[in-house]
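Please open the structure in your viewer and keep the selection tool at hand. The tour below proceeds stop by stop, stating what to select and what is found there.

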Amino acid sequence: MPERIHPAILVLGFIAGIVAGVGWWPGLVFPLVVAGYIAASFVPMPTPSGLGVSMAPALAGAVALGSHGSPILVLGAGAVALPLSRLLVRLRHGRMIENGRLPSEPAGIVVFGACFAGAVLLLDSYAVDDPIVLGLYAAAAAAGYLASAVVRAAIPDRIAPRRLQFIRALADWPAHVILYSAAALYAVTTPAMGWWALPLAGLPYAFGHISLHRLRVTQHTYQQTMRALGRIPEAGGMNAAGHAERTAALAAAVGAQLGMGRQSLDRIEYAALLHDIGRLVLANPAVAGGTYTPSDVTAWSAAIIGEAAHLEPVASLVAVLHAPYRRPGEERDPALSREAHVVRVVSAYDEEIAGGGTPLQAMETLHRGAAYDFDPEVVAVLRKVLERRGEIAA
Amino acid sequence: MKPNQHRGAFLAGTLAVLGVATLVALFLLQELPEPIWVWVAFAAAFVGLEFSSVEVSDRLYVSGSRMAAFTAAVVFGRGSAVLAVALMAALAALHPDDLRQRSWRRPAVNFGQLVLSATAGILVFLPFLPTAAVTAEDLPLLAVGAALAAAVYDWVNFRLVRFIVRHLYPERTLLPWSKLLASHIALGVLGAFGGILGAAYVLVGPVILPLIFVTFLVGQMGFRSYSQLRRAHEDTIGGFVKAVEALDPYTRGHTERVAGFARVTAERLGLDPERLERLRWAALLHDVGKVAVPARLLHKPDTLTDDEYRETLGHMRAVEDLLAGVEFLSPMVGIAAAHHALLDGSTEVSLEGRILAAADAFDAMTSTRSYRAAVTQPTAFDLLRSRRDVYGGDVVDALIAAIEASGEQYGSPDEESAAAVERLVRERAIRA
């Protein structure tokens, strides 16, 4: 998958779009749709992943239904609008494509438009409120959404593996459903209601937009809070600076590489952020003056995390972090989750690094402890993740 | 039966009778809604939406049932609109939780207020409904009429709910005006939307309903997730504060007591519910910074030197800065930090900061610490009065008045026992 859209593809698409648009849709319709695409691509909608989508899929949906599935309007106007909108981005930010990467949204719209227009061509008759047409529309929208998630996962990222990016992109389905449904509502009601179709489609859209915005803001705040809580032992000099956040980011990447789902990844991230919060107990002189073991720290951490009822699964995970993968002469404990092993391995790796070791030295320590202290499969996956990040040589 | 229960039973009975009388009158004056399966579908939507109101903002709940009511009114037309909606509202009184608890009073109260407010709202909407089939030209009138009728619907509903709450639950705080206004606006918009939606249903057909339903459902899921996450967030911070407090045996219960003193003081000073809520969080967070203070300083059995005091404040500020980086906590941490600034002699401190500082000082004075005994309540009041220039005369007076009004006694019971505890504390400090 290319990191950038080749300029030749943009230029060819632009020319083909102009020729087709002017040939098949003379008059103002084609330029208006192009202008609409450009404007829509600058109106963001919040999404759970935090990456956001623009209004462009909604416009593509409304145009597809309103033009009876005309591929010229959906795809041709998009091909003309894409380089123009990129040009505007360049004028504004000094570069043609944000972060030098292929945007996933146009790919999704292309797949949606191609699927819908292709399916409509196979139908003998077309009515905008025909349930079959709306069914095709929904299927094409789903294909477009999946295509944009696949493209986003294909974008090379040093930190997050492809699977993690794909899982994050899939979490954005509510935004796609709202955009495509509101567009269909507008297209279906316009013939009978004229401009009144706009408030009719606009209000459900606004309701969805506000809800996703509030959800995104709260998610952001929650993540900020968890990070702040994870850093408190560091502020008190009880832990290496940045240990919690580095462990959380790396553990999530390892978990995703191991094929874990979204909920597991969330648990891993929160457990990694808070696994050392029990060190705060060391502020108590009775404890600080005595001796304590790593299992004491995990028990204290689990007790503090467990004070919040909804974090009980995270507390249970943290409570077993001290337990080795397998004790000599014993079978491994099946009750210990793979999630706990991930946090344990990554935390040990980061502690070695924070202690002044190199990534290779830290990996050597983990390899020495593999099969007894650490889960060998997790260690192997950590190595792969570090190789991809360029922290150790392949 | 207590007088309040008598009053409750009478109120519930009266409202139920009024509701039944309204329905009987509507049966006589209106036609039954037809086709009946369409009414059943709308009634299911109305009840479902009424039971699943969403928190769109802090303590501001909005239900889409108003929208369903006005959509149904347009679909069934003048002849049966009021009866159709009043029957839907009557069904919405049967909440599964009440039925499970075999409670009759709340369903009776809800039945009466829902039927009466729905009837009033749709009666106002009737003149706006076209006499013949709906056309696109009727849309402006329908939208305006539905918005107006929704306002009446909401006004009657609000008046009835307020009347009921005032008489049955006098201890409950009613929503502030800003929230009510936002609620009226949101419900007015939903009503107008319901009117347009009803016309769209008639003009285009039922195909639009799944499209609307899907969009609203996703939006509702978003609001629900937001609401759950917000509670989880508060739960996380609350749990952390509790855990931190448990670390220090001398200050156990301190944050809860300070939060309590701050609340009663702020209530006397007339702070609105939003400021009260912010103050509660600030009180809970005000000592979080001490988790980063080294044990040798936190538990020193003697007064801290200037250098030690500066070091302690430095550690506390490091944690406050961390938490202030969280947007939601920033104003609360600001208040909590302001009370430390007040101790440093700063004069630019908010009212909330001064309330928190006075509440904190009062609790510290009336609690025994590792280096001194608790003073008696009158001594603590005298000490507070002597610091009127620090906390503000209004804050000191309000705090003292609120504690006296509560009838509670804090600190050592008398001077003699305070002196005895002080001797014990000093002896232990010397041994340490």
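Begin by selecting Trp300(A), which is buried because 23 other C-beta atoms lie within 10 Å, where 20 or more suffice. This model is predicted. Trp300(A) belongs to helix α13 of chain A, residues 294-306. Next, add Gly278(A) and Val281(A) to the selection; leaving out residues up to four places away in sequence, these are what Trp300(A) touches. Arg279(A) should be shown as well: 21 residues separate Arg279(A) from Trp300(A) in sequence, and their C-alpha atoms are 7.5 Å apart.

Move now to the contact between the chains. Chain A contributes 51 residues to this contact, and chain B contributes 51 residues. On the chain A side, select α6 (131-154), α8, α9 (197-235) and α12 (285-288), each of which supplies at least two residues. The most come from α9(A), with 22 residues. Colouring this side of chain A by class will show 34 nonpolar, 13 polar and four charged residues.

The next stop is the largest nonpolar core, which has 142 residues. Select Ala73(B), Val85(B), Met88(B) and Ile196(B), the residues with the most contacts inside this core. Helix α8 of chain A, residues 173-193, gives the most to the core, with 13 residues. Then centre the view on Ala73(B): beyond its neighbours within four places in sequence, its contacts are Ala81(B), Val85(B), Ile122(B), Phe125(B), Leu129(B) and Gly198(B).

Finally, select Leu229(A), Ala271(A), Ala266(B) and Leu298(B), which are among the 105 residues of another core, lying apart from the largest one.

Methods:
Residues are numbered from 1 along each chain as its sequence is written. Chains are lettered from A and ligands numbered from 1 in the order in which they are written. This is a predicted model: local features need pLDDT of at least 70, side-chain atom pairs count only at pLDDT 80 or more; totals for chains, interfaces and linings use all residues. A nonpolar core is a set of buried Ala, Val, Leu, Ile, Met, Phe, Trp, Tyr and Cys residues joined through C-beta atoms within 7 Å. A residue is buried if 20 or more other C-beta atoms lie within 10 Å of its own, exposed if 12 or fewer, and partly exposed in between; C-beta atoms are placed from the backbone. Helices (H or I, at least four residues) and strands (E, at least two) are DSSP runs, numbered from the N terminus. Two residues are in contact if their C-beta atoms, placed from the backbone, lie within 7 Å. Ala, Val, Leu, Ile, Met, Phe, Trp, Tyr, Cys and Pro count as nonpolar, Asp, Glu, Lys and Arg as charged, and the others, Gly among them, as polar.
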